[in-house]
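Welcome! Take a look at the model below, then work through the exercises at your own pace.

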Amino acid sequence: MQAELKWLDDPQTFRVNQLPAHSDHHYYATDADAQSGDNQLEQSLDGTWQFAFAATPQDRPQGFYRPDFDRSGFDTIQVPGHIELAGYGQLHYTNTLYPWEGKQYRRPAYTLGDQTGMPGMFSQGADNTVGAYVRTFTLAPGLRHHTVTVQFDGVEEAMYLWLNGHFVGYAEDSFTRSEFDLTPYLQDGENLIAVEVFKRSTAAFLEDQDFFRFSGIFRSVRLLAQPAIHLADLTVRANVTPDLQTGDLNLRLRLQSLQATTGAQAQVTLADAAGQTILTQTVGAKGDLRISHLPVPQVHLWAHHTPYLYRLTIRLLDAQGTVVEVVPVAVGFRRVELKDKVMLLNGKRLILNGVNRHEWDARSGRVISLADMQADIAIFKDHHINAVRTCHYPDQDAWYDLCDQNGIYMMAENNLETHGTWQKMGAVEPSDNVPGSLPQWREVVLDRARSNYETFKNHPAILFWSLGNESYAGDNLAAMNQFYKEHDDTRLTHYEGVCRNRVYQDCISDMESMMYDPPMAIRDYLEHDPQKPFINCEYMHDMGNSLGGMNSYTDLLEEFPMYQGGFIWDYIDQALWVTDEVTGKPVLRYGGDFDDRHSDYEFSGDGLLFADRTPKSALQEVSHYYGKYDD
């Protein structure tokens, strides 16, 4: 197969040769490696790559991925990183309007009566910058003689991949992991990996979030070796009986094997937080295994103040009894219910003291570190923030682990926002809305729902799946909701945009979710036979010296059990450190400060924290009122 530039224009082509999404569990060759975290089956490709920038697809260095290509004129770039922060292209912040509005005329393929598919819209786009990435690697000893895959945790926005001159695959969905099998093209000694990243594709219509529009390989890249018997996917259902006394552990293991599995075994062990073994079971290791209804008596329940995690360990043994793979997984038992139109966690009414949180670092944009995440968790705990919405895309894996460990309730949102296709200059005008009910846009959004679910399904912190943000409503959003309902009865679904198209209110979202509804409007809803519990998926909007009068919302918690809190917009400013041209001192600059036009200017600065994580005064008010309901 050859790479096709026309895929950039086709909403029905969004993954080529990409491996199916699967659980984000880590696996190791030995118990010792699992305990130390030193993984001999993993090799990082982060660091310095060769790089060439092109202003348009036509200007890109075609054939750069070939081993014999002359790359002597290439620069270098750091991975992970944004192309724009490395000094290429144009920094640009915009909210609702697409970046090209007023410059390039674009409307989504198959809208407004189009039957052509809009060929050339992005593949010939004068604003579609391209980054060509190349580096070499030699397999580390632990990866040799195995099936080897490569994982890209985040590439914005469309990527083509080659190894040793052979085309491997194509992927979109900027904030979701993309994985490819490299084994057929690996060679002994040095290997050449090449990635071509396009800033725009049809995915751009689906990723119209309120943020700086970057491009490039902005999350980590790694190689992974798969042992001869490998746990390809794991589904954990840590249920709790209605009396909240007994855990009910259910597992599904999907195994892959490069050898005969006769006599091979899967050994499953559950230990408590102190390391004491609770249960163990051994079964034959082949195919698709299900282990059902293992009881955990006197179960410790996972919740905000008591984020108790059991340790599940799965060991795969070959016919000789030798351990070939060890998979440790944190397990939290909790019960999420919608009962009498009130959301309950472990039998108690759930109150969300939440924030919306973009991934952000003032020096590196959406390239954030573990230290950034740990600092955020500490601020959450110091200020009674118990919930987070991953606005408006999946976050780095480590954030979900930290929320599991620290009892932070998660609304796990898909990478979907099509704001500019239905809201024009403040008016609701959905004539070219996607995904809507268009069949050509159905599979791409279902794929995003599937990836979000499959990757993060085992995290106890996730209480809600969110279909996306501000994308109107139609048959395709309803299909996403149905996907979650068919695959997961342990969580609830959320989507605010159905309020724009009430035809779908009975088949999208378990809760009434509004943005910036004034307290009187919420009261009116709750006093007139409400059918769903109410949350503010965004409220207060902390821009400038705002966030006063927060008690007018929290007072509703005392009166109405069906009012269950919400998520403040938002947690942290989006601004970047630069050196001031006049004073020579470092300053934070916001949208519009980079000659980016059109721009939404200081609208990028609406967080409880400044971009360098210095708290604003508004955080004191949040801490005061959230503290009243932090129990």
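**Exercise 1: a hairpin**

β36 and β37 form a hairpin with six residues between them, and G584 in the turn has a positive phi of about 75°. This is a predicted model, in which local features need pLDDT of at least 70, side-chain atom pairs count only at pLDDT 80 or more, and totals for chains, interfaces and linings use all residues. Residues are numbered from 1 along each chain as its sequence is written, and side-chain values use heavy atoms, leaving out hydrogens and water.

Task: In which sense do β36 and β37 pair, parallel or antiparallel?

Solution: Start with the ranges: β36 covers residues 576-579 and β37 covers 586-589. Strands here are DSSP runs (E, at least two residues), numbered from the N terminus, and two strands pair if DSSP finds at least two bridges between them. β36 and β37 have four bridges, in the antiparallel sense. One check: V578 has V587 in β37 as its bridge partner.

**Exercise 2: an open sheet**

Task: Which strands are the edges of the sheet β16-β17-β20?

Solution: First, the three strands of this open sheet pair in the antiparallel sense, in the order β16-β17-β20. Next, β16 (229-240) and β20 (288-296) each pair on one side only, which makes them the edge strands. Then look at β16 and β17 (residues 247-257): eleven bridges join them, and I229 has S257 as its partner in β17.

**Exercise 3: a helix**

Task: How many residues of α4 are buried (under 20% relative accessible area, 1.4 Å probe, protein chains only)?

Solution: Helix α4 (a DSSP run of H or I, at least four residues) spans residues 397-406, and seven of its ten residues are buried. Among them are W399, Y400 and L402. Just beyond α4, G407 has a positive phi of about 70°.

Conventions. Buried means under 20% relative accessible area, exposed over 50%, partly exposed in between (1.4 Å probe, protein chains only).
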